[in-house]
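Good morning, colleagues. Please bring up the sequence and the structure on the screen, and I shall then go through the fold part by part.

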Amino acid sequence: MALPLPRTLSPSKAAAFTDCPLAFRFSVLDRIPEPPSPHAVRGTFVHAVLERFFWEHPAGERTPEAALAVLATAWVELQDDDTFMALGLGAEAALQFRAEAEMLVANYLRIEDPNAVHAIGVELGLEAQVGGVVLRGIIDRLDLTPEGDLVVVDYKTGWAPSAQFERSRLNGVHTYALLCEQVLGRPPTQVKLLYLRDPVTIVATPTQQSVRGHRARTSALWAAIERACEREDFRPRPSGLCRTCNFQHLCPAFAQLNQAAS
Ligand code: SF4
């Protein structure tokens with residue numbers, strides 16, 4: 001019996017299927033609950049702080065003090081958040097969590113001057129039909145330059161990738177460019193990845209050709225997901241990601257790896 005297809009394809013689902021089809025099945029199709037990680041919860045928190053910072057403070061008022069005040073308010077609210085509470089952090093770990101969030105927000109202010117930014121969208125959800133699939137993405141921030149060009153900004157709270165892995169991390173960039181073209185009628189002239197931990201900015205420049213290429217890759221990936229669902233054939237793809245995979249106990253490949261190692 002065929003498995004039901006996901007309703008939409010996002011950059012994270014595309015990456016999950018590419019990394020390991022079996023883990024994709026457990027997470028996206030079977031929806032097996034996964035424990036929250038402090039890294040992911042902190043990332044969500046910092047994104048929310050920067051989102052509010054832009055909504056609540058117009059250009060000219062985006063000071064470091066204002067950013068810290070937004071973080072302090074959001075921190076109080078976070079204490080009642082189910083996912084945060086599920087982390088079960090003790091007092092010291094919670095302080096460390098907050099200090100790292102403050103460091104990431106302070107690093108953001110070292111990367112760019114938020115008062116020089118004309119943001120026309122924050123946490124912007126875009127959805128478009130691309131071939132046989134509904135492509136979906138959430139753009140952290142969409143800017144308009146004085147020349148009238150669109151710039152997509154994506155905040156990253158992990159480390160910047162090495163040159164070796166940079167290309168694979170640009171998949172989301174191409175998805176944003178394709179979504180802008182489909183929904184807004186033109187691709188952005190730049191996609192900026194702001195790595196807040198380093199801190200460093202990686203700038204990608206989409207072209208008509210790269211957008212076309214990503215459209216074809218998206219259709220091919222969706223066809224592979226359709227085939228896997230139809231045949232219920234989601235093969236494990238062991239890699240370094242197995243070390244932190246939440247589905248080790250369900251995975252035949254992980255059991256074999258363990259046996260071979262012992
Ligand atoms: S343990 Fe490795 S191979 Fe198995 S599901 Fe997880 S990522 Fe895939």
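What percentage of the 262 residues in the protein do buried residues make up? The answer is 25%. Please bear in mind throughout that this is a predicted model, and that every value I quote is computed from it.

Let me begin with the overall architecture. The protein contains 10 helices and five strands. Its radius of gyration is 20 Å, and the globule rule gives 18 Å for 262 residues; these values are close, so the protein is as compact as a globular protein of that length. Along the principal axes, the C-alpha atoms fill a box of roughly 55 × 50 × 35 Å. As for contacts with a separation of 6 or more, 68% of them are between residues 24 or more positions apart.

I turn now to the sheet. The five strands form an open sheet in the order 1-2-3-4-5, and the pairing is mixed. Its edges are strand 1, residues 119-130, and strand 5, residues 200-204, each of which pairs on one side only. From one strand to the next, the twist averages 35°. As a general reminder, the strands of a sheet pair through backbone hydrogen bonds, and they may do so in a parallel or an antiparallel manner.

We can walk across this sheet from strand 1. Strand 2 comprises residues 133-144, and its pairing with strand 1 is antiparallel, with 10 bridges. Two pairs of residues illustrate the register: glycine 125 faces isoleucine 138 of strand 2, and leucine 126 has glycine 137 as its bridge partner in that strand. The two strands form a hairpin with two residues between them, and in the turn glycine 131 adopts a positive phi of about 65°.

Next comes strand 3, residues 150-156, which is antiparallel to strand 2 over four bridges. Here leucine 142 is placed opposite valine 152 in strand 3. Strands 2 and 3 also form a hairpin, with five residues between the strands, and glycine 148 in that hairpin has a positive phi near 90°.

At the other edge, strand 4, residues 190-195, pairs with strand 5 in the antiparallel sense through five bridges. Leucine 193 lies opposite isoleucine 202 of strand 5. This pair of strands is again a hairpin, with four residues between them. Proline 199 belongs to the loop between strand 4 and strand 5, and the peptide bond joining aspartate 198 to proline 199 is cis, with omega at about -15°.

Just beyond strand 5 there is one more position to point out. Threonine 207 sits in the loop between strand 5 and helix 9, the latter spanning 208-231. Is threonine 207 buried or exposed? It has 11 C-beta neighbours inside 10 Å, and it therefore counts as exposed. Threonine 207 is 20 residues away from proline 187 in sequence, while their C-alpha atoms are 8.0 Å apart in space.

Two other loop residues deserve a comment on backbone geometry. Arginine 31, although not a glycine, has a positive phi of about 50°. It is located in the loop between helix 2 and helix 3, where helix 3 covers 38-56. Arginine 31 counts as exposed because it has 8 C-beta neighbours inside 10 Å. Glutamate 232 likewise is not a glycine and has a positive phi of about 50°. Its place is the loop between helix 9 and helix 10. With 11 C-beta neighbours inside 10 Å, glutamate 232 is also classed as exposed.

Finally, I come to the ligand. Which residues come nearest among the 14 around the ligand? They are Cys20, Pro236, Cys242, Cys245 and Cys251. Helix 2, residues 21-29, and helix 10, residues 252-261, each contribute at least two residues to the shell around the ligand. By residue class, this shell consists of 12 nonpolar residues, one polar and one charged.

To close, I would leave you with two features of this predicted model: the open five-stranded sheet with its mixed pairing, and the shell of 14 residues around the ligand. Thank you for your attention; I am happy to take questions.

Note on methods. Residues are numbered from 1 along each chain as its sequence is written. This is a predicted model: local features need pLDDT of at least 70, side-chain atom pairs count only at pLDDT 80 or more; totals for chains, interfaces and linings use all residues. Two strands pair if DSSP finds at least two bridges between them. Axes are lines fitted to C-alpha atoms, for helices over the stretch in contact, and angles run from 0 to 180 degrees between N-to-C directions. A residue is near a molecule or strand if its C-beta atom, placed from the backbone, lies within 6 Å of it. Ala, Val, Leu, Ile, Met, Phe, Trp, Tyr, Cys and Pro count as nonpolar, Asp, Glu, Lys and Arg as charged, and the others, Gly among them, as polar. The radius of gyration is taken over C-alpha atoms; the globule rule is 2.2 Å times the number of residues to the power 0.38. A residue is buried if 20 or more other C-beta atoms lie within 10 Å of its own, exposed if 12 or fewer, and partly exposed in between; C-beta atoms are placed from the backbone. Two residues are in contact if their C-beta atoms, placed from the backbone, lie within 7 Å.
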